[in-house]
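Subject: Structure for your review

Dear colleague,

Please find the structure below, handed over for your review. My notes on what was found in it follow.

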Amino acid sequence: MNLYQLTLFGAVLLGSATLSAQSTYCSKLPVKPGKGVTVTGVVECDGKPVAGVKVSDGYEITKTDKKGAYYLKSKKQNPQVFITIPSGYEASREDAVPQFWADFTEPADKLERHDFKLNKVNQDKHAIIAITDVHLANQRNDVSIFSGPYLDVIREDVNSFNDQGIPVYTLNMGDSSWDIYWYAHNYTIGDFRNTLKEANYPTPIFTVMGNHDNDPATPEGPDTDFQASLPFQKAFGPRYYSFDIGKVHYVMLDNIKYKNEAVEQEIYPGIKSRRNYTEEFTPEQMEWLKKDLADVSYDTPIVIACHCPVIRPDGPDHKGYRPRLDGESTRELLDIVKPYKDVHCFTGHSHRQTLTRTPKEEQNFVDHNISGTCASWWRTRATGLKNLCPDGTPAAYELMTVDGTDLKWEHVPYEYDRNRKFFAWDMNGVKDYFANNAEAQVFLKHHPKFTDYTDLPDNYIYLSLWDYDPEGSLKVTENGKELPVEFLSDENPLWALSYALRLSLWVNRLVNNGFSKPRKSHLARVRATTPDAPVEITLTDAFGKETKETLQRPAAFHLEYNSAIDNF
């Protein structure tokens, strides 16, 4: 264990007034703790007890009695005790992070007390801001962009809902930091919490771990996954937990098992490891989840948040699905939640926008894989262009509105009109661009694996859909006649020219081996019968909302420039 970890672990053992629950006792315990009880306390609101609140250490779960007291027989295998915030309440907080947990301060066999305070709120109607992969590393103006123009977009939504008396909460699916730069740039996961505080983040935020939120200096060993998570747990609490908002039950899980295998030489300041991992849920999480859901009715909507996607489409039309996680984790999770009527899983990691559904005759499970806030690690924006993810979709968050048990969602880009839902390109214009642009020609000469669109047949229109749902529809017409739509996996021309070309020519390299070859993404295309007739495009979401656009042709291809140019 390095010095940084020792300091953090010591802080966990000693407790912290700012990161633990209430340090003063709300009221006297009604009865003396029984044999084997190692953690106890009271949950109150406005000085009155709150009964029936679940309290857990990640292994065992108990509930508060009618006097608001709980008695937990914990072995303290995790560093905290935490509550499941009940419906109609919010946990007290000093900044954006709700204080639903308390750090243990005593050895495993010693009794300790931790109390929690709640505040009442009307939340049957509420909204969720779902963000992921912020990847702050104190470089390329990332902290100022996130804290400034990006949070301004989020605040617009939050203020609009608050004006209606509707509370808003944030789910953060991890990779908030960037482990390889923790020591070189002096920006860790704890600094991300400070950034939220300094930026006055506008909602309570619930966070899960991503692979880049582990301490990369943790030595390889049998306990690496746990030890590497301590900085995260100190800043944002348990690696898995739950809470209720209105009539929805929310579950936050960790599906990164950090291995961090050692290497011979330091690969970056402070790091002599591969930072590798597997994508899976630990057995103790799944056992805890079964207990957590034991008292949740089957008609209660379940919303799960974790870093890596659980399922992914079986093809570019988004129909069918394949397991995404390693091992048996996908099937185990799906089996646990199979009885529930409506289950949604918000995920990140891929920096892509993809919605995947299981067949409803099998079960009702929807994986919302959300494009990253950083998009392509803030790189396309740093070169003066708009922030695009590796699938070509804009940097964005997902907004979910909840009315009782009715859930609706939409994709909200940070740098585009929120009503825009797709890119449409006249591929004749793309062909002309590749044929006549000197940079594109040089790029293809040095990187021949990338697509040369001059070879594409005439009169195709390509669509990059960032709000597509297989329960919605896509209709394209030319001169009033509907054109057949083909879904395909292909290279996104806008991303190739915005990211791969610019980094290759201007930085004289592609960033890493993962981007030295084309990235395939899900696209749609039609073939028009003329080179100059306008094409009408109608994208309809699962809720019947239509987005219409007319592509006037011929249409030249152009890059998407940002008015605020940052230094790369």
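**Salt bridges**

K76 and E112 form a salt bridge, with their closest N and O atoms 2.6 Å apart. This pair links distant parts of the chain, as K76 lies in the loop between β5 (69-72) and β6 (80-83) and E112 in strand β9 (residues 112-113), 36 residues apart. Both K76 and E112 are buried. K76 also takes part in a second kind of contact: its charged end sits over the ring of F104, 5.5 Å from the ring centre. Please bear in mind throughout that this is a predicted model.

By the rule applied, the structure contains 31 salt bridges. Two others deserve a description here.

R357 forms a salt bridge with D469, and the closest N and O atoms of the two are 2.9 Å apart. R357 belongs to strand β22 (residues 354-357), whereas D469 is in the loop between β27 (460-465) and β28 (473-478), so the bridge ties together parts that are 112 residues apart in sequence. What is the relative accessible area of R357? The value is 12%, and because buried means under 20%, R357 counts as buried. D469 is buried as well, at 4% relative accessibility.

K520 and D490 meet through their side chains in a salt bridge of 3.8 Å, N to O. Here, too, distant parts of the chain are linked: K520 is in strand β31 (residues 520-527) and D490 in strand β30 (residues 486-491), 30 residues apart. The two partners fall into separate accessibility classes. K520, with a relative accessible area of 45%, is partly exposed, while D490, at 12%, is buried.

Which residues are joined into one network by salt bridges that share partners? They are D157, E410, R418, K421 and D467.

**Aromatic contacts**

The structure holds 29 aromatic pairs. One of them is formed by W409 and F543, which are edge-to-face, at 4.8 Å centre to centre with 80° between the planes. This pair links distant parts of the chain, since W409 is in strand β25 (residues 406-413) and F543 in the loop between β32 (535-540) and β33 (546-551), 134 residues apart. W409 is buried, at 11% relative accessibility. F543, by contrast, is partly exposed, with a relative accessible area of 32%.

F443 and F450 make a further pair: their ring centres are 4.9 Å apart and their planes stand at 65°, so the arrangement is edge-to-face. F443 is buried, with a relative accessible area of 2%. F450 is likewise buried, at 4%.

Ring pairs also link F100, W101, F206, Y241, F243 and Y250 into a cluster. Separately, K386 lies over the face of Y416, at 4.2 Å from the ring centre.

**Cavities**

How many cavities of 30 Å³ or more does the structure hold? There are 4.

About 120 Å³ of space lies in the largest cavity. It is lined by 14 residues, and those closest to its centre are L355, W409, D467, Y468 and D469. Several of these names have appeared above: W409 pairs with F543, D469 forms the salt bridge with R357, and D467 belongs to the salt-bridge network. By class, the lining of the largest cavity comprises 7 nonpolar, 3 polar and 4 charged residues.

The second largest cavity has a volume of about 70 Å³. Its lining has 13 residues, of which I85, E90, A91, Y169 and F206 lie nearest the centre. F206 is also a member of the aromatic cluster. Which strands each supply at least two residues of the lining of this second largest cavity? They are β7 (89-91) and β14 (241-245). By class, this lining has 9 nonpolar, 1 polar and 3 charged residues.

**Points to look at in the model**

When you open the structure, you may wish to begin with D469, which is buried at 4% relative accessibility and is among the residues closest to the centre of the largest cavity. W409 would be a suitable next stop, as it is also among the residues closest to that centre and is buried at 11% relative accessibility. For the second largest cavity, F206 offers a starting point, being among the residues nearest its centre and part of the ring cluster with F100, W101, Y241, F243 and Y250.

Yours sincerely

Terms used. Residues are numbered from 1 along each chain as its sequence is written. Side-chain values use heavy atoms; hydrogens and water are left out. On a 1 Å grid over the protein atoms alone, a cavity is a set of points where a 1.4 Å probe fits but cannot get out, and a pocket is an open set with protein on both sides within 12 Å along at least five of seven lines; lining residues have an atom within 4 Å of a point. Grid points are joined across faces, edges and corners, and a volume is the space filled by probe spheres set on the points. Ala, Val, Leu, Ile, Met, Phe, Trp, Tyr, Cys and Pro count as nonpolar, Asp, Glu, Lys and Arg as charged, and the others, Gly among them, as polar. Helices (H or I, at least four residues) and strands (E, at least two) are DSSP runs, numbered from the N terminus. A salt bridge is a side-chain nitrogen of Lys or Arg within 4 Å of a carboxyl oxygen of Asp or Glu. Buried means under 20% relative accessible area, exposed over 50%, partly exposed in between (1.4 Å probe, protein chains only). Rings of Phe, Tyr and Trp (its six-membered ring) pair if their centres lie within 6.5 Å; planes under 30 degrees apart count as stacked, over 60 as edge-to-face and the rest as tilted. A charge sits over a ring if NZ of Lys or CZ of Arg is within 6 Å of the ring centre and within 35 degrees of the ring normal.
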